[in-house]
Every structure is written in C-alpha cells, then in structure tokens.
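The following account leads the reader through one protein structure. It begins with a single residue and then widens to the elements around it.

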Amino acid sequence: MSGHYQDKQANHQQDDITPPELETPELVSLAEFIQQTLPFNALDEALLYPIVGKILIQYHCQVDSFTAANPERGLRILRSGAVELRDSDNKLLDRLGEGESFHIAGLNAEWGEVIATVIEDALFYLVPDDIYRQLRDSDRNFDRYFSGQRNRRLRRAARYQPEPNTMMQ
C-alpha cells in the first residue's frame with residue numbers, strides 16, 4: 001500500500017512542474033502576464049523566471065507622475081491603466097496602456113527631462129534598474145527592443161502633433 005501512495009505522489013510532482021522561482025500563485029500570474037508582453041515574450045524562461053520574484057508591484061492614482069529623480073528606478077510595465085509621456089516642454093511623446101513599458105532614464109537620454117503622468121489609475125510592475133540592465137546585457141534581442149523603442153516613440157509622437165491650419169495664416 002505504501003508503494004502505491006509513493007507512485008501517486010511521484011506522478012503528482014511530475015504533473016506540477018512549477019519552477020522554484022514561481023512559488024506562489026501571485027508569482028505565476030505575474031510571470032504569465034509578463035510572458036505576454038514585448039519583449040519579455042521572447043525571453044528564455046531561464047532568464048525570466050529568476051527575476052519574477054524581484055519585480056515590485058505598485059499602484060498609482062491618476063495625476064501621479066514619474067521623473068528620473070524618483071527613487072525607484074527601473075522598467076515600468078503597465079498591468080492596467082494608462083500613462084502619458086511628455087518632454088520638458090510638455091510635448092506629448094507617447095501614450096501607453098496595458099502591457100506597454102517605459103524606462104524614464106532611457107527616455108531622458110533621447111529627449112531630456114521626460115515626465116510620465118498617470119492619466120488613468122494604474123497598476124505597474126517595476127523591474128528594478130539593476131535587473132533591467134542585466135536582462136539587456138544578457139539578451140541581445142531584449143536590448144535591441146529597447147534601443148529601437150526610441151525610434152518607434154518618435155514616429156508615434158509625430159502622429160500626435162496637430163497639423164498647422166494653413167487657412168488660419
């Protein structure tokens with residue numbers, strides 16, 4: 001009888017192959033969401049799973065804002081809500097929604113002082129800066145995504161700019 005119990009126990013362990021890094025249902029849920037967002041969807045699980053438990057979860061109300069001066073630095077991934085990115089002249093650079101991400105310090109390299117303002121109450125996953133940099137160093141495609149993100153934002157920002165009305169001149 002005890003042999004039968006051990007076999008069932010061994011089979012149960014094989015069916016439940018949860019990596020040790022994802023010990024709680026909350027971490028499994030977080031990992032599942034992250035794996036559906038760019039560029040995390042292309043990361044090898046061996047790179048992704050160890051960092052999931054280090055991701056911080058933050059809630060921010062409408063009108064909260066972030067700059068490079070904020071003490072918590074890293075990649076912010078929107079779980080829900082919306083954010084606007086504006087430059088120091090208040091020019092709209094981008095609007096972001098669920099599953100999109102931004103890194104203020106990286107944006108500042110391109111546009112000077114960027115301000116991210118929550119325009120709809122938001123839940124963020126914050127990948128701390130050291131982990132974000134480690135991922136960029138470890139995975140070439142991950143790094144390329146964020147390097148190319150600047151160009152995509154420039155094109156999107158251009159679409160938000162109103163065309164001058166020549167009839168008003």
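In this predicted model, Arg136 counts as buried, because its relative accessibility of 16% falls under the 20% limit for that class. The residue has its place in helix 5. Leaving aside residues up to four places away in sequence, Arg136 touches Phe142, Asp143, Phe146 and Ser147. One of these neighbours, Asp143, is also its partner in a salt bridge, in which the closest N and O atoms are 2.7 Å apart. Unlike the buried arginine, Asp143 is partly exposed, with a relative accessible area of 27%.

Helix 5 holds a further salt bridge. Arg133 pairs with Asp129, and the closest N and O atoms of the two are 3.5 Å apart. Both residues belong to helix 5 and are 4 residues apart, so about one helical turn separates them. Arg133 is partly exposed at 38% relative accessibility, and Asp129 is likewise partly exposed at 21%.

Helix 5 also takes part in aromatic contacts. The structure holds 9 aromatic pairs. Phe33 and Tyr125 form one of them, an edge-to-face pair with 5.7 Å from centre to centre and 75° between the planes. Because Phe33 lies in helix 2 and Tyr125 in strand 6 (residues 115-128), this pair ties together parts that are 92 residues apart in sequence. Phe33 is buried, with a relative accessible area of 8%, and Tyr125 counts as buried at 7%. Tyr132 and Phe142 form another edge-to-face pair, with 6.5 Å between the centres and 65° between the planes. Here Tyr132 lies in helix 5 and Phe142 in helix 6 (residues 140-160), so the pair ties together parts that are 10 residues apart in sequence. Both Tyr132 and Phe142 are buried. These two residues belong to one aromatic cluster, together with Phe40, Tyr145 and Phe146. Two members of that cluster, Phe142 and Phe146, are among the residues that Arg136 touches.

Which residues of helix 3 are buried? In this helix, which spans residues 45-52, they are Leu48, Tyr49, Ile51 and Val52. The elements that cover them include helix 2 (25-34) and helix 5 (129-138). At the N-terminal end of helix 3, Asp44 acts as a cap, with a side-chain oxygen 3.0 Å from the backbone nitrogen of Ala46.

The next part of the tour concerns charged residues elsewhere in the chain. Side chains of opposite charge can pair when their charged atoms come close. The count of salt bridges in the model comes to 5. One of them joins Glu98 to Arg79, with 3.7 Å between the closest N and O atoms. Glu98 lies in the loop between strand 4 (92-96) and strand 5 (101-102), whereas Arg79 lies in strand 3 (residues 74-86), so the pair ties together parts that are 19 residues apart in sequence. Glu98 counts as exposed at 53% relative accessibility, while Arg79 is partly exposed with a relative accessible area of 26%. In addition, Glu84, Arg86 and Arg95 are linked in a network of salt bridges. A charge also meets an aromatic ring in this protein: the charged end of Arg76 sits over the ring of Phe66, 4.2 Å from its centre.

It remains to set these details within the whole. The secondary structure comes to 6 helices and 6 strands, and read along the sequence the pattern is α-α-α-β-β-β-β-β-α-β-α-α. Of the 169 residues, 36% count as buried. Among contacts with a separation of 6 or more, 74% are between residues 24 or more positions apart. The aromatic pair of Phe33 and Tyr125 offers an example of a link between parts far along the chain, at 92 residues apart.

Finally, the confidence of the prediction should be considered. The protein averages a pLDDT of 81, and 73% of the residues score at least 70. Over residues 1-15, however, pLDDT stays under 50, and for this stretch the model has 0 contacts beyond four places in sequence.

Terms used: Residues are numbered from 1 along each chain as its sequence is written. This is a predicted model: local features need pLDDT of at least 70, side-chain atom pairs count only at pLDDT 80 or more; totals for chains, interfaces and linings use all residues. Side-chain values use heavy atoms; hydrogens and water are left out. Buried means under 20% relative accessible area, exposed over 50%, partly exposed in between (1.4 Å probe, protein chains only). Helices (H or I, at least four residues) and strands (E, at least two) are DSSP runs, numbered from the N terminus. Contact means heavy atoms within 4.5 Å. A polar contact is a pair of N or O atoms within 3.5 Å; within protein, one must be able to donate a hydrogen and the other to accept it, and residues adjacent in sequence count only if both atoms are side-chain atoms. A salt bridge is a side-chain nitrogen of Lys or Arg within 4 Å of a carboxyl oxygen of Asp or Glu. Rings of Phe, Tyr and Trp (its six-membered ring) pair if their centres lie within 6.5 Å; planes under 30 degrees apart count as stacked, over 60 as edge-to-face and the rest as tilted. A charge sits over a ring if NZ of Lys or CZ of Arg is within 6 Å of the ring centre and within 35 degrees of the ring normal. pLDDT is the predictor's confidence in each residue, from 0 to 100.
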